[in-house]
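Colleague: Please take a close look at a single part of this model and tell me how it is put together. One connected account will do.

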Amino acid sequence: MTRALFIIDVQNDFTEGGALGVEGGAAVAAGVTRLLQQHRGDYELVAASRDWHSGEHDNGGHFATDAEPDFVDSWPPHCVEGTPGAEYHPDFDTTAVDVHIRKGQGVPAYSIFEGTDDAGASVSDVLAARGITEIDVVGIATDYCVRASVLDAVEHGQHVRVFTDLVAGVAAESSAAALAELGHAGVVIAESTVLDEAAS
């Protein structure tokens, strides 16, 4: 088995009521927990990423501090290290996670591949060590960090699926565009029920 599950940024600040909360974020958290309860054995590796920004500066322009955020390159402060907003959503049970990835530590970062694990290893190194060739991706937000993570996974030669029932985006139009873009890049766009079908 050489498949991994990437769980992207299921954090309090990206779910309802957070600094950059998206509709459906809490449902994704609960859905990912159900997926892991039912299908943890399908994965050689489960990796979860978190934005982990500095609260002392603008993180390379990622935080809008001197002007209004444009919500493309600059954002309101979010997921500041050590704050409740940076923590995983409480409905996401992380006990089945093998590797925790922190990204955006002082710089803008969207893709999980821009982060490192607790030992400082890159995601590429983690995948190589486990012999991973296929990745399923879930999480938040479809049109930003999920999109960037999936495109980087494809760039790294991985066969990738995105589970549309376990992602949530900032906006419907940009999320649909992101999924279309990923499909054109060769990504399989599916629902997590494909795991049930494979097991039956």
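Modeller: In this predicted model, V137 has V162 of β5 as its bridge partner. The two strands concerned, β4 and β5, run parallel and are joined by six bridges. Helix α3 packs on the sheet, where it touches β1, β3, β4 and β5, and its direction makes about 165° with that of β4.

The sheet itself is open and has six strands, in the order β3-β2-β1-β4-β5-β6, with parallel pairing. Its edge strands are β3 and β6 (188-190), each of which pairs on one side only. On average, neighbouring strands of this sheet are turned by 25° against each other, if direction is ignored.

α3 spans residues 142-155, and its buried residues are T142, D143, C145, V146, A148, S149, V150 and A153. An α-helix has 3.6 residues a turn, so residues three or four places apart point the same way. The partners of the buried residues of α3 are β1, β3 (99-103), β4, β5 and α4 (172-184). After the helix comes G157, with a positive phi near 85°.

On the other side of β1 in the strand order is β2. β1 and β2 run parallel, with five bridges between them, and F6 has A47 of β2 as its bridge partner. Between these two strands the chain passes through α1, and the resulting β-α-β crossover is right-handed. β2 also pairs with β3, again in the parallel sense and over five bridges; here A48 has H100 of β3 as its bridge partner.

How much of β2 is buried? Seven of its seven residues are, so the strand is largely enclosed by the rest of the structure. The cover extends to both faces: L45, A47, S49 and D51 are buried on one side, and V46, A48 and R50 on the other.

One residue of that strand merits a separate look. S49 lies in β2, which covers residues 45-51. Its relative accessibility is 0%, and S49 therefore counts as buried, the limit being under 20%. The side chain of S49 has a polar contact, at 2.7 Å, with the side chain of D9. Beyond its neighbours within four places in sequence, S49 is in contact with I7, I8, D9, V10, Q11, Y88, I101, K103 and I112.

The strands also contribute to the nonpolar interior. The largest nonpolar core has 28 residues, of which L5, I7, V32, L36, V46, F92 and V138 touch the most other members. Elements giving two or more residues to this core are β1 (3-8), α1 (25-39), β2, β4 (134-140) and β5 (159-168). The largest share, five residues, is that of α1. V138 can serve as an example: with residues up to four places away in sequence left out, V138 touches L5, F6, I7, I8, V32, V146, F163, L166 and V167. Another core, of 25 residues, lies apart from the largest one, and L45, A47, I112 and L127 are among its members.

On the helix side, L35 belongs to α1. Its relative accessible area is 4%, which means that L35 is buried. Residues in contact with L35, its neighbours within four places in sequence aside, are L5, R40, L166, S192 and L195. L35 and T193 are 158 residues apart in sequence, while their C-alpha atoms are 9.5 Å apart in space.

As for the setting, the protein chain has five helices and six strands. From the N terminus on, the elements follow the order β-α-β-β-α-β-α-β-α-β-α. The chain has 200 residues, of which 48% count as buried. Among contacts with a separation of 6 or more, 75% are between residues 24 or more positions apart.

Notes: Residues are numbered from 1 along each chain as its sequence is written. This is a predicted model: local features need pLDDT of at least 70, side-chain atom pairs count only at pLDDT 80 or more; totals for chains, interfaces and linings use all residues. Side-chain values use heavy atoms; hydrogens and water are left out. Helices (H or I, at least four residues) and strands (E, at least two) are DSSP runs, numbered from the N terminus. Buried means under 20% relative accessible area, exposed over 50%, partly exposed in between (1.4 Å probe, protein chains only). A polar contact is a pair of N or O atoms within 3.5 Å; within protein, one must be able to donate a hydrogen and the other to accept it, and residues adjacent in sequence count only if both atoms are side-chain atoms. Contact means heavy atoms within 4.5 Å. A nonpolar core is a set of buried Ala, Val, Leu, Ile, Met, Phe, Trp, Tyr and Cys residues joined through side-chain atoms within 4.5 Å. Two strands pair if DSSP finds at least two bridges between them. A crossover is right-handed if, with the strands pointing away from the viewer, the path from the first strand over the helix to the second runs clockwise. Axes are lines fitted to C-alpha atoms, for helices over the stretch in contact, and angles run from 0 to 180 degrees between N-to-C directions.
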